[in-house]
Amino acid sequence: MSALVQAVAAPLAQNPVPDAIHQLLNQLADAINQQHWLSLAGLFEPDALLVNLLGQRVAGDRAIVQYQQGLAEFYPQRQVHYRLLSSQPLSPVLYLLNVQQLWLGAERKQPEGVSSCPLFVVRLHQEHARIVGCNSL
């Protein structure tokens with residue numbers, strides 16, 4: 001293994017991903033797929049920022065929920081799935097996540113439409129995590 005690969009891999013091995021981050025991604029997909037908007041708002045910091053593919057900024061948990069509601073109306077038969085690709089601790093309570101976002105057809109068997117790899121900045125709060133900022137569809 002090269003010195004560069006070892007230098008990058010060592011901090012990741014020493015800093016395992018907290019369970020709260022995996023739970024957050026599962027809760028995020030469930031809230032969007034079930035259109036449970038109150039639960040979705042609770043997964044974001046009140047002052048969270050989402051920047052979409054077109055560069056539009058959506059500020060605040062309520063505005064992000066309204067944005068996601070619009071996407072749900074535009075793609076009524078699709079289900080979203082998130083898979084953690086990598087994480088990097090930025091501080092003891094902040095993590096940068098590289099996440100694969102897959103849209104699945106109604107039968108949840110085949111990816112459908114655009115797949116992307118958004119970045120999330122997540123803050124840990126005791127036993128749960130909230131999204132501080134992200135770029136997404």
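A residue counts as buried when its relative accessible area is under 20%, as exposed when over 50%, and as partly exposed in between. With that in hand, welcome to this predicted model. Its six strands form an open sheet, helix α2 packs on that sheet, and helix α4 lies across two of the strands, β1 and β2. The points below take the sheet, then the helices, then three residues.

**The sheet**
- Reading across the sheet, the strand order is β2-β1-β6-β5-β4-β3, and the pairing is mixed.
- Strands β2 (57-59) and β3 (79-89) stand at the edges; each has a single partner strand, so one side of each lacks a neighbour in the sheet.
- From one strand to the next, the twist averages 25 degrees.
- In general, strands of a sheet pair through backbone hydrogen bonds, in either a parallel or an antiparallel way.
- Edge strand β3 pairs with β4 (residues 94-104) in the antiparallel sense, over 10 bridges.
- Within that pairing, valine 80 has tryptophan 103 in β4 as its bridge partner.

**The helices on the sheet**
- Helix α2 (residues 19-33) touches β1 (44-52), β3, β4, β5 (119-125) and β6 (128-136) as it packs on the sheet.
- The direction of α2 makes about 155 degrees with that of β3.
- Helix α4 (residues 61-74) runs at about 45 degrees to β1.

**Asparagine 33, in helix α2**
- Asparagine 33 belongs to helix α2.
- Its relative accessibility is 16%, so asparagine 33 counts as buried, the cut-off being under 20%.
- A polar atom of the asparagine 33 side chain lies 2.7 Å from the backbone nitrogen of valine 80. This is the valine whose bridge partner in β4 is tryptophan 103.

**Two glutamines with positive phi**
- Glutamine 35 sits in the loop between α2 and α3 (37-41).
- Phi of glutamine 35 is near 50 degrees, a positive value in a residue other than glycine.
- With a relative accessible area of 42%, glutamine 35 is partly exposed, because that value falls in between the cut-offs of 20% and 50%.
- Glutamine 126 is in the loop between β5 and β6.
- For glutamine 126, phi is near 45 degrees, again a positive value in a residue other than glycine.
- Glutamine 126 counts as exposed at 85% relative accessibility, because exposed means over 50%.

Conventions:
Residues are numbered from 1 along each chain as its sequence is written. This is a predicted model: local features need pLDDT of at least 70, side-chain atom pairs count only at pLDDT 80 or more; totals for chains, interfaces and linings use all residues. Side-chain values use heavy atoms; hydrogens and water are left out. Two strands pair if DSSP finds at least two bridges between them. Helices (H or I, at least four residues) and strands (E, at least two) are DSSP runs, numbered from the N terminus. Axes are lines fitted to C-alpha atoms, for helices over the stretch in contact, and angles run from 0 to 180 degrees between N-to-C directions. Contact means heavy atoms within 4.5 Å. Buried means under 20% relative accessible area, exposed over 50%, partly exposed in between (1.4 Å probe, protein chains only). A polar contact is a pair of N or O atoms within 3.5 Å; within protein, one must be able to donate a hydrogen and the other to accept it, and residues adjacent in sequence count only if both atoms are side-chain atoms.
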